[in-house]
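Please open the model in your viewer and keep the sequence beside it. The tour below goes from one selection to the next and says what is found at each stop.

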Amino acid sequence: MVRTLTFEKAKLQMGKDLYMYCVDKKNYFIVYDAFDFDKSKRELAEYISSY
């Protein structure tokens, strides 16, 4: 779903929003491949680590 979006900011927000609904959180790192920039990957990782 994240890959369907064009803008990085929208992808990041969706990645954050969907995390709480993910049943297989151990494999959520796969979502990182949808991002174009390392900054977004880091921000998502930081967000996830806060849970």
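Two residues are said to touch, or to be in contact, when heavy atoms of theirs lie within 4.5 Å. Keep in mind throughout that this is a predicted model.

Begin by selecting Ser-40, which sits in helix H2. Is Ser-40 buried or exposed? Its relative accessibility is 8%, and because buried means under 20%, Ser-40 counts as buried. If you set aside residues up to four places away in sequence, Ser-40 touches Glu-8, Leu-12 and Phe-35.

Now move to Phe-35, one of those partners of Ser-40. Leaving out neighbours within four places in sequence, Phe-35 is in contact with Val-2, Glu-8, Lys-11, Leu-12, Ser-40, Lys-41 and Leu-44.

Next, select the largest nonpolar core, which has nine residues in all: Val-2, Leu-12, Tyr-19, Tyr-28, Val-31, Ala-34, Phe-35, Leu-44 and Ile-48. The elements that give two or more residues to this core are helix H1 (8-19) and H2. As a general background, nonpolar side chains tend to be buried together in soluble globular proteins.

From the core, turn to Leu-5, in the segment before H1. With a relative accessible area of 25%, Leu-5 is partly exposed, and, again not counting residues up to four places away in sequence, it touches Ala-10, Lys-11 and Met-14. If you draw a distance from the C-alpha of Leu-5 to that of Val-31, you should find 13 Å in space, while the two residues are 26 apart in sequence.

The last stop is among the aromatic rings, where Tyr-19, Tyr-28, Tyr-47 and Tyr-51 form one cluster. The count of aromatic pairs comes to three. In one of them, Tyr-19 and Tyr-51, the ring centres are 5.8 Å apart and the planes stand at 55°, so the pair is tilted. This pair links distant parts of the chain, since Tyr-19 belongs to helix H1 and Tyr-51 to the segment after H2, 32 residues apart. Tyr-19 counts as buried at 7% relative accessibility, whereas Tyr-51 is exposed at 61%. Another pair joins Tyr-47 and Tyr-51, with centres 5.3 Å apart and planes at 65°, so it is edge-to-face; Tyr-47 itself is partly exposed, with a relative accessible area of 22%.

Finally, keep Tyr-51 selected and add Met-20 and Tyr-21, because these residues form a nonpolar patch on the surface, with about 430 Å² of accessible area together.

Note on methods. Residues numbered from 1 in each chain as written. Predicted model: local features only at pLDDT ≥ 70, side-chain atom pairs only at ≥ 80, totals over all residues. Heavy atoms only, no water. Patch = residues over 30% accessible without salt bridge, like charges linked within 9 Å, V, L, I, M, F, W, Y side chains within 5 Å. Areas by Shrake-Rupley, 256 points an atom, 1.4 Å probe, with all protein chains shown as cover. Salt bridge = Lys/Arg side-chain N within 4 Å of Asp/Glu carboxyl O. Helix = DSSP H or I, 4+ residues; strand = E, 2+ residues; numbered from the N terminus. Buried < 20%, exposed > 50% of the residue type's maximum accessible area, 1.4 Å probe, protein only. Core = buried A, V, L, I, M, F, W, Y, C linked by side-chain atoms within 4.5 Å. Phe/Tyr/Trp six-rings, centres within 6.5 Å; stacked < 30°, edge-to-face > 60°.
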